[in-house]
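User: I've got a fold open on my screen and I'd like to talk it through before I head back to the bench. Can you walk me through it?

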Amino acid sequence: VTAADTTYSGTNTICLSSGAAVTAGTGGAPSGCTSVGSITDFNAALATYKGTNKRLMFKRGDTFTISASSSEDINVSGMQICAFGSGADPIINVGSSSTGLRVGANAGASYGAFYDLSFQGGGSTTTLGFGGVGNIDHCLFLRVTATGHGNSAQFAKGSVEGTTSNKIWENLAIVDCNLSYVNGGVSGSGHNGLFMSANKLSLMGTIIDNEGGGSHILRTPYITNACVKHNLLSGQGTEGVYECWKMHGPDWADSGGSIGTGKYTEYINAGNNVFDGASGGGWVVSIGPQSTGADERLRHLLLDGNYIKRGTVTGSVAMNIRGNVQYLTIRNNVINMSSASSGLVMDLSGSASDSLSGIPVRDVDVINNTVYSSTSGMSTAWNFASNPVNCRFINNLVYTPSVGSITVVVASGGSGWSASNNSSNAAAVGTNPSFNTIPSFSAVNLLTTDFKPSTSRTHGAGIADVDIRDDLFHITRTGTMDLGAVQA
């Protein structure tokens with residue numbers, strides 16, 4: 001990898017300050033760069049200095065503005081926009097109906113990196129922190145902040161694959177970013193923390209907190225080959241109908257010209273995330289179409305080692321799966337249901353009528369998960385109903401000591417159904433697995449002792465060897481496996 005100062009040597013780097021220009025070679029401005037002072041208008045600077053293989057560096061500690069109803073497309077290849085100097089990231093105050101950083105514009109550009117920038121919307125309902133209409137191939141957003149916008153970040157679907165020469169976002173990475181305070185803190189549809197469609201996506205180490213505003217935290221109409229790991233998703237809209245993650249598939253038969261027919265959302269690896277239902281959360285993680293009248297198809301999905309906290313809405317569901325979903329594995333997750341008096345851990349009715357495809361949910365493995373609730377009222381934990389095909393439910397621990405009685409799993413015998421070695425109904429309410437520690441419900445970071453059983457390893461069920469060799473904390477499972485997500 002070539003160092004940035006080499007790739008963007010000399011006048012290929014432009015350093016921009018709101019005050020006096022910084023002398024090249026001092027104050028963090030690279031030697032030989034072009035240094036410009038008295039810059040206040042962010043978009044005007046982009047318009048003047050952007051170009052192929054150029055690096056624009058804004059001075060740390062300075063504040064820049066974007067006027068109302070203004071945008072400047074970054075539609076050239078090889079650009080970097082970042083910061084120089086010491087202190088806080090440069091602040092860009094975004095005017096109403098404007099976008100902080102608008103990239104792509106269907107120009108077919110490639111290679112862009114944007115990092116160490118802070119886009120402030122001031123509580124607006126009309127601004128967008130950053131994003132674009134697609135696409136830049138190989139694009140990185142690193143340590144970018146977007147707070148107080150109508151939508152924090154949005155990557156539109158573009159027009160893809162056979163319909164035009166324009167493509168969906170390819171090789172998109174959003175890493176260590178902070179997206180917060182959506183739609184002025186007011187719950188309402190059409191305002192998301194992150195809305196995106198992409199092929200070869202990395203979403204890692206990012207905090208997305210709507211703070212009760214807008215609607216969904218993460219909404220993905222169409223993603224493939226995605227790594228979604230080590231993120232915190234919290235604070236969706238408070239109306240009880242929004243999700244931490246609404247994962248769609250593309251419309252199978254009628255794309256409306258934006259994706260192309262016959263496509264799946266597929267090959268998704270989602271692990272070590274925290275999904276915090278907070279004061280919203282009708283469904284916390286929702287996989288499949290929003291409407292049962294849609295034909296959206298998803299396959300080859302892995303939810304592994306996540307901490308899922310149900311929302312406070314009565315009757316909320318931690319995981320909802322519907323429509324044509326195939327080859328889904330849910331393993332090593334901890335689901336904390338302590339926030340409300342009723343609801344389900346998972347609702348997988350899986351009816352063929354859930355989708356216009358007429359194909360039921362199939363090939364779902366639910367293995368080595370831990371469910372805990374300190375509150376009463378939950379009568380059923382896992383609901384498979386009778387429709388899914390080829391589903392396995394093995395080595396799952398359920399402990400709800402405040403519930404008088406509970407049905408651990410409902411499934412009335414869909415084709416290929418298999419269930420074994422799970423907490424019995426009696427053990428779920430009466431046999432204490434003596435977790436080493438139980439975190440407060442407000443906690444979002446688990447300790448390695450949390451939900452770790454010290455007794456009742458089998459919880460009345462025995463253990464099945466299912467070839468899962470590490471637990472939620474990536475600790476190797478040695479000797480006899482334990483029920484649940486955490487090895488004793």
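Analyst: Sure, here is a run of short questions and answers on this predicted model.

User: Let's start broad: how many helices and strands are there in the protein chain?
Analyst: Keep in mind that this is a predicted model. Of the 488 residues in the protein chain, 55% count as buried. As for secondary structure, the protein chain has 35 strands and 3 helices.

User: Among contacts between residues at least 6 apart in sequence, what share joins residues at least 24 apart?
Analyst: A contact here is a pair of residues with heavy atoms within 4.5 Å. Taking the contacts in the protein chain between residues at least 6 apart, the share that joins residues at least 24 apart is 79%.

User: Now the rings. What kind of aromatic pair do phenylalanine 42 and phenylalanine 119 form?
Analyst: The model has 18 aromatic pairs. For phenylalanine 42 and phenylalanine 119, the centres are 5.9 Å apart and the planes sit at 80°. Planes over 60 degrees apart get one particular label, so this pair is edge-to-face.

User: How many residues apart in sequence are the parts that this pair ties together?
Analyst: Phenylalanine 42 is in helix α2 (residues 42-49), while phenylalanine 119 is in strand β9 (residues 109-120). Both phenylalanines, 42 and 119, are buried. Given where they lie, the pair ties together parts whose separation in sequence is 77 residues.

User: Which residues form one aromatic cluster with Phe114?
Analyst: A ring pair needs centres within 6.5 Å. The cluster that includes Phe114 also takes in Phe130, Phe141, Phe155 and Trp169.

User: Where does the charged end of arginine 299 sit?
Analyst: A charge over a ring has to be within 6 Å of the ring centre. For arginine 299 the distance to the centre is 3.6 Å, and the ring belongs to tyrosine 264.

User: And lysine 309, which ring does it lie over?
Analyst: Lysine 309 also has a salt bridge, with aspartate 276, where the closest N and O atoms are 3.6 Å apart. Aspartate 276 is in strand β21 (residues 274-276) and lysine 309 in strand β24 (residues 307-309), 33 residues apart. Both of these residues are buried. As for the ring, lysine 309 lies 4.9 Å from the centre, over the face of phenylalanine 441.

User: Staying with salt bridges, which residues join Arg60 in one network?
Analyst: The whole structure has 13 salt bridges. In one of them, aspartate 116 meets arginine 60 at 3.2 Å, N to O; aspartate 116 is in strand β9 and arginine 60 in the loop between β3 (55-59) and β4 (63-66), 56 residues apart. Both aspartate 116 and arginine 60 are buried. Through shared partners, Arg60 is in one network with Asp89, Asp116 and Arg143.

User: In the salt bridge of aspartate 365 and arginine 392, is arginine 392 buried or partly exposed?
Analyst: The two side chains meet at 3.0 Å, N to O, and the pair ties strand β29 (residues 362-367) to strand β32 (residues 392-394). Aspartate 365 has a relative accessible area of 18%, so it is buried. Arginine 392 comes in at 33%, between the 20% and 50% cut-offs, so it counts as partly exposed.

User: What about cysteines: how many disulfides are there?
Analyst: A disulfide is a covalent bond between the sulfur atoms of two cysteines. Cysteine 391 is buried, at 1% relative accessible area, whereas cysteine 227 is partly exposed, at 23%. The search of the whole structure gives a disulfide count of 0.

User: Which backbone oxygen does the side chain of threonine 26 reach?
Analyst: Threonine 26 is in the loop between β1 (13-16) and β2 (34-36), and is partly exposed at 39%. Its C-alpha is 8.8 Å from that of glycine 85, which is 59 residues away in sequence. The side chain of threonine 26 makes a 2.6 Å approach to the backbone oxygen of threonine 23.

User: Last one: how far apart in space are the C-alpha atoms of methionine 378 and valine 403?
Analyst: Methionine 378 is in the loop between β30 (370-372) and β31 (380-385). At 2% relative accessibility, methionine 378 is buried. Along the chain, methionine 378 and valine 403 are 25 residues apart, and their C-alpha atoms are separated by 6.8 Å.

How values were computed
Residues are numbered from 1 along each chain as its sequence is written. This is a predicted model: local features need pLDDT of at least 70, side-chain atom pairs count only at pLDDT 80 or more; totals for chains, interfaces and linings use all residues. Side-chain values use heavy atoms; hydrogens and water are left out. Rings of Phe, Tyr and Trp (its six-membered ring) pair if their centres lie within 6.5 Å; planes under 30 degrees apart count as stacked, over 60 as edge-to-face and the rest as tilted. Helices (H or I, at least four residues) and strands (E, at least two) are DSSP runs, numbered from the N terminus. Buried means under 20% relative accessible area, exposed over 50%, partly exposed in between (1.4 Å probe, protein chains only). A charge sits over a ring if NZ of Lys or CZ of Arg is within 6 Å of the ring centre and within 35 degrees of the ring normal. A polar contact is a pair of N or O atoms within 3.5 Å; within protein, one must be able to donate a hydrogen and the other to accept it, and residues adjacent in sequence count only if both atoms are side-chain atoms. A disulfide is a pair of cysteine sulfur atoms within 2.5 Å. A salt bridge is a side-chain nitrogen of Lys or Arg within 4 Å of a carboxyl oxygen of Asp or Glu.
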